[in-house]
Amino acid sequence: MNDSGVTCGRISLYINDIAAPGTYVGPRSTVKQRKRAMTYRAPVSDILFSLRHVAGFGEAIDEGLFGDLDDATAASVVEEAARFATEAIAPLNRVGDVEGATYENGRVTSPSGFRDVYRAWAEGGWAGVTAASEYGGMGLPHAVNAACGELWAGASMGFALCPLLSEGAINAIAKYAAKPLRDLYLPKLASGAWTGTMNLTEPQAGSDLNAVKTRAERSADGTYRLFGQKIFITYGEHDMADNIVHLVLARLPDAPAGTRGISLFLAPKFLVGADGALGPRNDVRCASIEHKLGIHASPTCVMIFGDSAGAQGWLVGEENRGLNAMFAMMNSARLGVGLQGVGIADRATQQALAYARERRQGRSGKSANGAMSPIVEHPDVQRMLLTMKAETQAARGICHLTAVAIDRARHGRSERERREADERAALLTPVAKAFSTDIGDEVASIGVQVHGGMGYIEETGAAQYLRDSRIAAIYEGANGIQAIDLVQRKLPLAGGEAVAREIADMRAIERAVASRGGARFGATAARLSEAIDALEAATRFIVEARDAPEDALAGATPYLRLFGLARGGACLAKAALAAEELAAKDDASELGRVALARFFAEKIATAAPGLAAAIATGAGALEDFDRTIGR
Ligand SMILES: Cc1cc2nc3c(=O)[nH]c(=O)nc-3n(C[C@H](O)[C@H](O)[C@H](O)COP(=O)(O)OP(=O)(O)OC[C@H]3O[C@@H](n4cnc5c(N)ncnc54)[C@H](O)[C@@H]3O)c2cc1C
């Protein structure tokens with residue numbers, strides 16, 4: 001038993017519902033409020049609705065793309081993940097924040113409870129959701145994994161980062177490593193016995209990986225020796241698993257300059273014998289961990305490779321083609337980071353709503369006998385809460401579309417279907433990452449606002465969501481870099497056909513809403529139509545600005561936001577159409593989705609024409625930057 005009240009073993013858990021050790025419990029909070037800071041309700045029905053009715057996962061299952069997998073089995077996996085997230089991981093969230101990971105003499109100790117819950121999580125088979133069954137994985141679709149990833153992050157972002165990085169390592173090794181490496185490492189990673197890391201960043205090489213300096217030298221035995229320093233390495237060292245498998249970008253002595261001269265290597269913390277047994281320590285160590293704004297439970301490590309003879313490494317993929325392999329890891333990780341934004345936004349919304357229902361201030365129109373009203377009755381607070389909910393669902397829809405596109409790219413029936421799905425996944429990935437993490441930030445910030453002063457005080461937990469969510473817009477490619485990727489590399493995909501197909505899909509939804517009509521939809525179709533018009537106009541401007549790249553680059557971030565608003569609005573409208581269909585079959589339980597789509601279209605997506613106008617002015621207003629910014 002550990003401090004969190006969690007016993008190790010196959011999901012035999014009970015959870016304390018008390019404030020975590022070290023949590024400040026101030027005089028203003030009621031017992032109920034303190035407990036609320038600890039609770040998490042996994043949004044299973046919203047996730048399943050989005051997968052089925054927005055992202056087309058149900059259709060993909062019906063088409064038989066995933067063999068025997070049926071809807072009920074997929075749902076039961078998500079429900080089981082929800083149970084684990086709620087009962088085991090969520091109670092770690094606060095203790096992870098308060099205690100944080102600690103460092104002493106090269107060793108990193110996880111906060112109380114993390115190690116046991118991680119081991120229970122691995123025993124449950126969760127490390128291998130998408131990994132191939134030949135390596136002990138469950139071989140499930142990315143759509144199911146997306147659902148699980150959101151749940152882990154909603155429960156505790158600090159915890160969820162470890163599995164996210166391992167999943168990226170599994171993907172890169174499965175796709176690019178030679179068979180002996182795959183056979184040696186994948187079963188251990190897919191079982192969660194070992195974890196994975198991604199070692200890209202160096203002090204001089206962040207967004208610009210051309211500048212990577214870590215050196216790789218060829219050894220006579222066909223392996224390599226690595227020398228260099230990596231910074232900001234998530235879970236680069238910890239005590240939750242028996243070994244840590246580092247994937248490291250480094251440069252060979254005869255490599256060409258720039259990103260074409262970067263190779264990817266696998267370098268474990270403990271060397272591994274041919275029989276899989278752990279051998280001596282490799283020449284890699286953690287020199288320190290960072291003190292940071294949030295995700296305190298997740299150690300962010302400075303890693304030193306090659307203090308003496310060099311860290312022994314094995315090539316993954318081909319020499320000098322390391323970035324290709326790394327992108328295999330980063331694309332899934334980018335979607336995973338987008339889902340962190342969704343997970344934390346959902347949790348922040350749950351907490352803000354519960355607080356708003358209890359906190360009484362002022363008198364609303366509903367107030368009887370002049371009594372103070374719960375703040376949830378005030379229109380401005382309702383606006384904040386609906387904004388939180390609508391933005392969260394919009395981002396979730398985009399992430400789920402991306403996940404199902406990844407699945408179709410792999411399992412689609414025809415070559416054409418697979419290619420188009422691959423292009424769709426490529427187009428949507430930067431939007432899923434950047435839009436969703438911006439939403440995570442915004443929603444967490446609104447959550448603090450709903451709490452008023454108590455939101456700024458740590459005991460409610462609202463402040464932690466804001467601190468934790470902030471990093472997601474920065475790592476896995478800063479959001480500004482995602483926007484540049486969208487306008488420079490993704491809009492030209494398939495000669496512009498990929499974005500044209502996406503816009504056509506949004507138009508079809510808009511037309512379906514317009515023809516459905518009815519008071520419940522309000523101006524949904526009209527506002528959605530304007531948002532898509534704005535996206536079309538901005539896309540034309542960016543594509544035509546190819547000869548004036550500064551104009552496109554100046555508009556990249558507003559363009560990504562505009563894309564997210566139009567695509568997110570269409571996702572909510574599609575959910576609303578499905579809810580109406582259910583209502584026509586006497587199930588009115590989902591009709592709130594119609595009102596939510598309307599709220600998004602009328603109150604949030606209306607920013608779209610303004611963004612298009614800003615994009616259309618290109619880099620003009622930046623031209624006299626030095627004079628404008630002043631000294
Ligand atoms: C908590 C944490 C965990 C991390 N985990 C990992 C990890 O596990 N592995 C790993 O390898 N790295 C990790 N990182 C590093 C992270 O990926 C980088 O911080 C991120 O990619 C940004 O790089 P940078 O910090 O050097 O910022 P910079 O590249 O210096 O960027 C600073 C700003 O300039 C902008 N910018 C940069 N270049 C351009 C350009 N060409 N055009 C327009 N704008 C530009 C960026 O958008 C950003 O806003 C982590 C970082 C943190 C803080």
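This passage describes the overall fold of a predicted protein model and the surroundings of its ligand. Local features require pLDDT of at least 70 and side-chain atom pairs pLDDT 80 or more, while totals for chains, interfaces and linings use all residues. Residues are numbered from 1 along each chain as its sequence is written, and side-chain values use heavy atoms, without hydrogens and water.

The protein contains 22 helices and 12 strands (DSSP runs numbered from the N terminus: H or I of at least four residues, E of at least two). Its C-alpha trace spans about 80 × 65 × 60 Å along the principal axes. The radius of gyration is 24 Å, which agrees with the value near 25 Å for a compact globule of 631 residues (C-alpha atoms; 2.2 Å times the number of residues to the power 0.38). Buried residues, those under 20% relative accessible area (1.4 Å probe, protein chains only), make up 58% of the 631.

The ligand is surrounded by 18 residues (a heavy atom within 4 Å). Met198, Thr201, Ser207, Phe232 and Thr234 come nearest. Strand S3 (194-199), strand S5 (224-234) and helix H15 (479-490) each supply at least two shell residues. S5 gives the most, with 3.

Polar contacts are pairs of N or O atoms within 3.5 Å. A backbone N or O atom of Leu200 lies 2.8 Å from a ligand oxygen. For Phe232, a backbone N or O atom lies 2.8 Å from a ligand nitrogen. A side-chain N or O atom of Thr234 is 2.7 Å from a nitrogen atom of the ligand. The protein covers 61% of the 970 Å² of accessible area (Shrake-Rupley, 1.4 Å probe) that the ligand has on its own.

How values were computed: Polar contact = N/O pair within 3.5 Å; in protein donor to acceptor, adjacent residues only side chain to side chain. Buried < 20%, exposed > 50% of the residue type's maximum accessible area, 1.4 Å probe, protein only.
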